[in-house]
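The exercises below ask you to work through a three-dimensional structure with its sequence at hand. Try each task before reading the solution that follows.

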Amino acid sequence: MLSRTRLLAVSRKEVLQLRRDTRSLVLAFLLPVLLLVLFGYAITWDVNDVPTAVLDRDRTSRSRELVEAFPASGYFTITERVERPAEIDRLLDRSAVRLVLVIPPGFAADLDAGRPARLQALVDGSDANTATIVLGYTRGIVQSFSVDAVVNGATVRPPVEARSRVWYNEELESKNMIVPGLVAVIMMIIAAMLTSLTIAREWERGTMEQLASTPVHRVEVVLGKLLPYLAIGMIDVGVVSVVGVLLFDVPFRGNAALLAVLSLAFLTGALGLGMFISAVARSQLLATQIAMVATFLPAFLLSGFMFSIDVMPRVLQAITYLVPARYFLVVTRGIFLKGVGVEVLRVQGLLMIAFLVLGLFLATRVFRKEIQ
Amino acid sequence: MTQHAVRVEGLTRRFGASVAVDGIAFTVAPGELFGLVGPDGAGKTTTLRMLAGVLRPSEGDAVLEGVSVAREPERVKHSIAYMSQRFGLYADLTVLENLSFYADLYEVPRDERPGRLERLFRFSNLAPFRDRLAGQLSGGMKQKLGLSCALIHQPRILLLDEPTLGVDPISRRDLWLIVHEMVAEGVTVVVSTSYLDEAERFDRVAFLHEGRIVALDTPAALRGAAGGVIFAVAAADLRGARDRLRRIAEVRRATVFGDRLHVVAGSADDGDRIARALTDEGMDGVEVRRIEPTLEDVFIDHVTAKAG
Amino acid sequence: MTAVVAEDLTKTFGDFIAVDRVTFTVESGEIFGFLGPNGAGKTTTIKMMAGLVPPTSGRGAVAGHDIRTESAAIKRSIGYMSQLFSLYGDLTVEENIAFFSRLYGVPRPRRAARRDWVLKTAGLGDQRRRLTADLPLGWKQRLALGCAVLHEPPILFLDEPTSGVDPITRRRFWDLINRLADGGTTVFVTTHYMEEAEYCHRLALMNRGRLIALDAPSSLRGAAGEPLLEVETDDPARTVAALRGAPGVVDAAMFGRAVHVAVQDPRAGRAAVAAALGEHGLTATRVAEVAPTLEDVFVALVRAEGGAPVE
């Protein structure tokens with residue numbers, strides 16, 4: 001027979017301890033905010049004011065038009081105008097510029113004559129993420145320049161061709177895609193870092209032995225410990241969502257109640273998993289490390305948050321099916337950005353519930369309050 | 001015949017290849033103060049942990065207030081209280097918060113709490129520290145808090161694992177006053193200790209050695225059964241005297257006991273022989289007096305006999 | 001030769017005075033005991049003398065080195081065995097000895113000899129390959145002591161070295177300490193076992209950060225406060241309850257199977273005891289005036305200092 005008094009007593013104790021534990025409080029509240037700021041402001045996949053060098057060997061009004069189109073877009077800033085090819089190597093080596101535009105002599109002449117005109121774009125590929133975007137923008141600018149050229153009387157075929165020298169990587173997303181993903185990551189942090197400590201800590205400090213001698217049921221211990229972290233997790237979800245929408249203008253087109261319910265399910269599963277790890281590891285150090293590898297890192301790297309799954313190698317793609325956060329990301333992005341509901345998210349919703357059940361099952365079955 | 005409060009039968013616990021507790025058996029009557037004495041590693045903690053349902057027996061059983069620990073460990077816990085050797089309360093909770101937590105765990109009725117708390121505070125002098133974090137209490141106070149948390153639900157059986165270890169003599173006296181008060185109220189207490197002077201006050205004592213009980217009786221009977229006659233010997237050079245006496249045929253054992261030697265000999269007449277042996281060596285301050293054996297003498301007797 | 005000197009040694013933590021102007025000297029080869037309730041300041045004092053904690057004020061010297069300015073030199077001249085067990089459980093006995101010899105800078109040519117000495121004196125010769133964690137507590141303590149003296153330090157600091165150890169092993173441990181002291185090592189030890197206090201040449205009693213007594217055990221016992229009666233009954237607990245608060249009784253406490261009663265005057269005391277016992281239906285099988293034990297002295301001194309020990 002489970003006793004509500006005992007269960008709530010465990011929760012109350014956890015809350016009192018949490019309030020006095022600075023480290024946990026920082027992890028629970030400060031870290032999510034920090035991540036939000038980091039991902040919202042500082043780390044942006046969007047690229048602006050890319051330093052660019054230009055070697056214009058044509059020096060015609062047409063070539064100048066093309067060159068000016070770059071800063072005009074807002075994405076690029078011409079910082080160097082070079083005279084000789086040798087200087088290009090130097091600039092790229094030093095990372096003084098990320099893009100070098102080389103316009104060959106005869107550019108304007110080719111355009112006017114209806115022949116394909118060439119533009120060479122050299123991109124610093126050492127930062128593949130930025131390189132991809134830079135290339136994408138470059139292509140875009142060149143494309144619209146071509147269209148203009150056609151409209152203004154050149155031939156039908158795209159008159160300007162941009163040749164790239166950096167291999168294609170994957171497309172990274174802007175903050176609209178990040179904030180919904182952040183919700184999942186933050187929940188994994190709560191689970192990984194906080195709950196993985198809670199049971200192991202009692203073993204290490206010797207309080208579990210004393211607790212074990214009382215009539216408290218192990219399910220009461222697990223659920224009692226779960227409740228405060230559940231509350232913290234939901235608060236974090238709320239804060240991140242609200243700040244994301246209000247401060248970062250992330251759209252919210254779906255149903256808040258649905259988000260809350262599915263978040264609750266996901267969070268409970270994650271917490272259950274964290275406690276399972278804590279019960280198995282019995283040492284705080286070991287528990288944190290296992291939790292990092294088993295829950296946090298997969299959520300961060302393999303859920304589609306940082307890197308698009310479609311572009312991953314097949315093996316990793318297969319592994320992502322085992323990462324719960326992957327499905328949760330579909331939910332959050334769906335609700336935030338696409339405004340979809342249960343009909344579309346039915347599968348993910350069921351999987352969240354399955355995750356909840358699995359997490360709780362593992363935690364309550366594996367945890368034993370007796371020694372050994 | 002009154003029902004035993006505690007009945008232990010063939011209780012065994014193995015850890016891998018080693019046997020920590022090897023088929024021990026004993027009974028404790030209701031309201032008895034029963035002591036487990038033995039060196040570290042003898043099996044005292046393991047035994048108490050099994051009785052408390054914190055560790056499962058490998059074999060055998062213990063029945064507390066009629067409930068079997070092997071079959072129904074959780075049912076046992078409602079009527080017992082256990083105090084682990086290591087401080088088992090929450091250092092980051094206050095005295096009052098710890099007490100309330102344990103009151104909740106045992107579902108002590110709310111209206112009874114103020115009265116019980118008041119009584120426990122009176123015993124333990126913890127009232128001025130009710131809002132202090134348990135981790136900031138001194139060793140003696142921590143133990144008193146542990147005992148208070150154990151007593152909040154008025155258990156019928158108390159299991160205490162070396163409650164006075166490392167505690168200063170004054171706090172030790174306070175703790176024992178509380179325990180004796182409980183015994184007077186009919187609580188059964190099973191306690192382990194390495195302080196043999198405390199064992200003198202138990203109703204019955206079991207000596208544990210390497211997982212087995214080597215002696216079990218009242219302190220008086222144990223003392224009475226001690227072999228030989230004991231003399232308390234004083235000398236200016238105690239250790240020198242000890243070494244000298246160990247070479248005399250009549251002396252079975254000579255051990256330092258504080259500022260005296262306890263010398264075990266065959267008969268009361270040996271006292272003169274002992275005194276002479278020392279004065280002949282020119283030793284000063286020699287005094288020889290026959291005494292009653294203490295439990296520590298008996299303990300040493302048993303253990304050295306075991307060691308062969 | 002003075003091995004250890006402390007002069008007005010003080011340590012405060014904010015408002016809290018942990019050690020209050022403590023002054024003492026310890027001679028070479030002396031076994032100096034430190035007694036006191038938990039929280040009295042014993043461990044803090046030891047840590048200051050060992051150069052681990054800087055004093056707030058006052059002076060001290062260990063083996064001639066100033067505790068403030070020469071703490072590195074001090075660490076080379078002392079052996080320290082703290083209450084927390086500091087050996088590595090997952091190393092064997094031999095491996096722990098090897099590790100600590102290197103750590104304490106035992107000269108290479110001496111290492112084998114020192115190792116064998118530790119194994120012999122600690123009685124661990126045939127346990128050398130055993131994992132330290134598997135040893136019973138008493139053996140671990142002997143090993144820890146051995147490791148603490150590998151570099152043959154002139155001064156040894158021991159913080160509750162025999163806590164929890166059985167009476168026989170405890171005696172063996174003290175034999176070891178005595179042997180070291182006979183060899184000229186100065187031993188500074190804290191303990192809660194009153195009988196161990198008797199093994200010390202001199203004792204310092206601390207309470208609430210202050211030194212309240214400093215003398216040889218025999219002198220301390222002689223100078224104790226009130227006369228003491230030893231009362232034997234068949235119910236010591238009830239006897240204590242009966243006698244506490246009786247007129248003429250200063251204090252009563254259980255001691256072994258008897259009750260020690262501190263009285264203002266021996267004769268009036270006997271009468272008071274008889275009366276109080278009679279009222280509670282108890283009979284004394286023996287009442288005798290006894291010399292106070294160190295525990296009685298300790299309690300009396302602390303009581304005189306103002307009651308309950310610091311919490």
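**Exercise 1. Find the largest nonpolar core, and state which residues have the most contacts inside it.**

Solution. The largest nonpolar core (a set of buried Ala, Val, Leu, Ile, Met, Phe, Trp, Tyr and Cys residues joined through C-beta atoms within 7 Å) has 241 residues, and those with the most contacts inside it are A:Met187, A:Met188, B:Leu159, C:Phe188 and C:Val261. The largest share of this core, 18 residues, is given by helix H7 (residues 175–205) of chain A, where helices (H or I, at least four residues) and strands (E, at least two) are DSSP runs numbered from the N terminus. Buried here means that 20 or more other C-beta atoms lie within 10 Å of the residue's own, exposed means 12 or fewer, and partly exposed lies in between, with the C-beta atoms placed from the backbone.

Before going on, note that this is a predicted model, in which local features need pLDDT of at least 70 and side-chain atom pairs count only at pLDDT 80 or more, while totals for chains, interfaces and linings use all residues. Residues are numbered from 1 along each chain as its sequence is written, and chains are lettered from A and ligands numbered from 1 in the order in which they are written.

Next, take one of the residues listed above: leaving out residues up to four places away in sequence, C:Val261 touches C:Leu228, C:Leu229, C:Val231, C:Leu243, C:Val249, C:Ala252, C:Gly269 and C:Val273, a contact being a pair of residues whose C-beta atoms, placed from the backbone, lie within 7 Å. Apart from the largest core lies another, of 30 residues, which includes A:Leu66, A:Leu99, A:Leu119 and A:Ile141. In soluble globular proteins, nonpolar side chains tend to be buried together.

**Exercise 2. Determine which pair of chains shares the most contacts, and describe the side of chain C that touches chain B.**

Solution. There are 2 pairs of chains in contact, and chains B and C share the most contacts. Their contact takes 35 residues from chain C and 40 residues from chain B. On the side of chain C, the largest share, 5 residues, comes from H6(C), and the residues of that side divide into 17 nonpolar, 10 polar and 8 charged. For this division Ala, Val, Leu, Ile, Met, Phe, Trp, Tyr, Cys and Pro count as nonpolar, Asp, Glu, Lys and Arg as charged, and the others, Gly among them, as polar.

The contact of chain A with chain B takes 20 residues from chain A and 24 residues from chain B. H1(A) gives the most to the side of chain A, with 7 residues, and by class that side has 6 nonpolar, 9 polar and 5 charged residues. Chain A and chain C, by contrast, do not touch, and their nearest C-alpha atoms are 14 Å apart.

**Exercise 3. Work out how H5(C) and H6(C) pack.**

Solution. The axes of H5(C) and H6(C) are 10 Å apart and meet at an angle of about 10°, with axes taken as lines fitted to C-alpha atoms, for helices over the stretch in contact, and angles running from 0 to 180 degrees between N-to-C directions. H5(C) and H6(C) are therefore roughly parallel to each other, since angles under 35 degrees count as roughly parallel, over 145 as roughly antiparallel, 65 to 115 as roughly perpendicular and the rest as oblique. The contact is made by C:Gly138, C:Gln141, C:Arg142 and C:Leu145 of H5(C) together with C:Thr169, C:Phe173 and C:Leu176 of H6(C).

**Exercise 4. Is B:Ile80 buried or exposed, and which residues does B:Ile80 touch?**

Solution. B:Ile80 is found in strand S6 (residues 80–83) of chain B. With 27 other C-beta atoms within 10 Å, B:Ile80 is buried. Not counting residues up to four places away in sequence, B:Ile80 touches B:Ala52, B:Leu64, B:Pro155, B:Ile157 and B:Leu159. For the chain as a whole, buried residues make up 51% of the 308 residues in chain B.

**Exercise 5. Locate B:Asn125 and C:Arg21, and give the phi of each.**

Solution. B:Asn125, in the loop between helix H4 (113–124) and helix H5 (139–151) of chain B, has a positive phi of about 60° although it is not a glycine. C:Arg21, found in strand S2 (residues 16–27) of chain C, has a positive phi near 50°. Most residues other than glycine have a negative phi. As for exposure, B:Asn125 counts as partly exposed, with 15 C-beta neighbours inside 10 Å, and C:Arg21 is partly exposed, with 15 other C-beta atoms within 10 Å.
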